Amino acid sequence: MKNYFNLLKKSVWVVSALCLFSSCNDVWNEHYSTDSSIVPDKNLVERIEGIEGSENFIQALKTTKMFNGNKIIDLTYYDFLSSDQFLTVWMPSLGSISEDEWAKYTKEGKTYQEHKDVGQQFIKNHIARYSYPVGAQKENHPENVRMLSKKRYPSTAVEIAGVEYKQANLACTNGILHLLDGKMPYRPTIYEYITETEGYKDNLGAFLEKYTIDEVDDNRSVISGVDENGEPIYIDSVTYKNSIIMNQFGRISEEDSNYVVVLPTPEAWLEMYDSVKPQFDYTTMERADSLQEYYTHTALFMDMFFNMNIQRHPDDSVTSTLYYEGLERDEDALQHKYYNPYSAEGLFRKYVVDSVICSNGKIYLTSQWAFDKAELIDRPIKIEGENSYLIKQKNHVSYRTQIKRDVAGYPKVSGEYVMQIGGEQAAPQYDMTYNVSGNMKGKYKVGIVTVRDAEFPNPENKPVQFLPTVSYGFTKILEPVNQRGRPEYQKTNIDNPIDTLWVPGVAEVPQANYGQEKAKLEIKLSVKSTSSFNNTMFLDCIIFKPVPDDYVDPVEE
């Protein structure tokens, strides 16, 4: 039976050789030859061993073990190239690799990481699954070759990835061998660069790795058996990185992508991280340190990533991966859009001190975090008055009322709607309490945006008096008081159709609640009904505006 399959294998090779060499080298008559390049009698490693100067490459294959996911297995790449797998190998030239590099590649007793690095960055970068003969490709239309390292390289009739062929199409019983006049370049993915480069890998890289798992693609991996626990052993495992972080911002570990990343240098990154970190203080919460680390990083990630495959006119403007079309319809929303990015003052040039070409995009290294902190991190929190999901409790009457945009001389309100508090009953006081989510630790100025009832005329044209009270948990952190220490009601402005009333003092929030589902920060508005004041308040929105720690509220006259 074995002889039968050997004969069948050779027969298939004869037919394949006919197609290959008649189309590429016009040697039709050579299919009658016993030349081993046409009818192979050696496998890949046997063929490589017969080539002068191959000793180091063979030693690297023999001393480097393969992996089953992240688990090292007792199979070397020498075993792999001796198996029945059908592969194409591009053997690098001896002189294209330095003595120091060969010493690393051929080292006996490699560590776990050395096995992984040599396998991924060197050996697998010179091997592809399936048949990739040379000759049929045209120089203007190269074939795209995917190596086992997952890197893709263009191959023409004379070169691959800019490296010339010294000899090509050496047929073997389990594949094809090409000899290079050089070595294949290895470019890391953006993810690999961040997680493996000194300066990044112990902080930013470690953070990304913490939330990333390697998953095996069973459909593209080759199983050679099972271990003692019944788990499959992959002689060639195709894995991909699944990151809950980068699934949100950009799949920078995937080879078939094209990203631009605006990344501070390691020193600039740490400086910015340390300055922002105190704002993400979750002291009293479970796993407070992990929450602080997670949200500090993701806040700084916010606009770092740009998918260049979807940019319509990148010279004019680019949008980060958090952009979506609906943002354009809200003038108050963060646009995640940057104009003229390649100009001298543009995002891709202004603070750039270096750049790194990766296999799936480009990294611009900047001397500082290149974004506006006030736009991305210290953005005001806005609570729409009509948003019923944020209303914690209400006392007496409230209505969601639409304010039309086309009322003559009337400015546009946020979201086109306002909340009408009170006005339907002769109650002494109307209360409305809102949850405020997304806050960080620090000081906030609180603004109440009110609307004069232009569509609902008030003949007496009286102002509204209201008392704003801000609490965090069960602790009151802001309530305006008079000189006697009693609550002091604020008054709306009857002269302006829409007005922002800033509450005296600042609300000092003791810890962050950013990213959490259950809000602890809340604001209560109490509208007091008297004969001197209108009993109906039209609330457009409430604004919590971050202010610096050294902010001092101006003295109210």
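This report describes the secondary structure, one sheet, two buried strands and the nonpolar cores of a predicted model.

## Overall composition

The chain holds 12 helices and 32 strands. Of its 557 residues, 47% are buried. The accessible surface of the chain amounts to about 28,500 Å², and carbon and sulfur atoms account for 47% of that area.

Among contacts with a sequence separation of 6 or more, 69% are between residues 24 or more positions apart. The search for disulfides across the whole structure returns 0. Two of the cysteines can be described by their burial: Cys-172 is buried, with a relative accessible area of 0%, and Cys-358 is also counted as buried, at 6% relative accessibility.

## The four-stranded sheet

Four strands form an open sheet in the order β15-β14-β19-β18, and the pairing is mixed. The edge positions are taken by β15 (305-307) and β18 (352-358); each has a single partner strand, so one side of each has no neighbour in the sheet. From one strand to the next, the twist averages 15°.

The pairings can be taken in sheet order. β15 and β14 are antiparallel and share 3 bridges, with Tyr-259 bridged to Asn-307 of β15. β14 and β19 run parallel, with 6 bridges between them, and Thr-366 in β19 lies opposite Pro-264. β19 (residues 361-366) is joined to β18 by 6 bridges in the antiparallel sense; here Ile-357 has Lys-362 in β19 as its bridge partner.

## Strand β14 and its neighbour Phe-305

Strand β14 covers residues 259-264, and 6 of the 6 are buried, so the strand is largely enclosed by the rest of the structure. Tyr-259, Val-261 and Leu-263 point one way from β14, while Val-260, Val-262 and Pro-264 point the other way. Both sets are buried.

Phe-305 belongs to strand β15, which is one of the edge strands of the sheet. Despite the edge position of its strand, Phe-305 counts as buried, at 2% relative accessibility. The C-alpha atoms of Phe-305 and Val-262 are 6.8 Å apart, although the two residues are 43 apart in sequence. Leaving out residues up to four places away in sequence, Phe-305 touches Val-260 and Val-261, and also Met-246, Phe-249, Ile-252, Ser-320 and Thr-321.

## Strand β9 and its partners

Strand β9 (residues 175-180) is likewise described by its burial: 6 of its 6 residues are buried, so β9 is largely enclosed by the rest of the structure. Its side chains divide into two sets, with Gly-175, Leu-177 and Leu-179 pointing one way and Ile-176, His-178 and Leu-180 the other. The residues in both sets are buried.

β9 pairs with strand β3 (residues 87-91) in the parallel sense through 5 bridges, and Met-91 has Leu-179 as its bridge partner in β9. Strand β8 (residues 163-172) is joined to β9 by 5 bridges and runs antiparallel to it. In that pairing, Leu-170 is bridged to Leu-177 of β9. β8 and β9 form a hairpin, with 2 residues between the strands.

## Nonpolar cores

In soluble globular proteins, nonpolar side chains tend to be buried together. The largest nonpolar core in this model contains 84 residues. Phe-301, Val-446, Ile-448, Ile-523, Ile-542 and Phe-544 have the most contacts inside this core. Helix α11 (residues 288-301) supplies the largest share of the core, with 7 residues. A second core, separate from the largest one, has 29 residues, including Val-45, Tyr-105, Cys-172 and Leu-179.

Ile-448 shows what surrounds one of these highly connected residues. Apart from neighbours within four places in sequence, Ile-448 is in contact with Phe-466, Asp-499, Thr-500, Leu-501, Val-503, Ile-523, Leu-525, Met-537, Leu-539, Cys-541 and Ile-542. Of these contacts, Ile-523 and Ile-542 are also listed with Ile-448 among the residues with the most contacts inside the largest core.

In the second core, two of the named members link back to the strands described above. Leu-179 is part of β9 and is the bridge partner of Met-91, while Cys-172 has a relative accessible area of 0%.

Note on methods:
Residues are numbered from 1 along each chain as its sequence is written. This is a predicted model: local features need pLDDT of at least 70, side-chain atom pairs count only at pLDDT 80 or more; totals for chains, interfaces and linings use all residues. Side-chain values use heavy atoms; hydrogens and water are left out. Two strands pair if DSSP finds at least two bridges between them. Axes are lines fitted to C-alpha atoms, for helices over the stretch in contact, and angles run from 0 to 180 degrees between N-to-C directions. A nonpolar core is a set of buried Ala, Val, Leu, Ile, Met, Phe, Trp, Tyr and Cys residues joined through side-chain atoms within 4.5 Å. Buried means under 20% relative accessible area, exposed over 50%, partly exposed in between (1.4 Å probe, protein chains only). Contact means heavy atoms within 4.5 Å. Accessible areas come from the Shrake-Rupley method with a 1.4 Å probe; for residues, only the protein chains shown count as cover. A disulfide is a pair of cysteine sulfur atoms within 2.5 Å.
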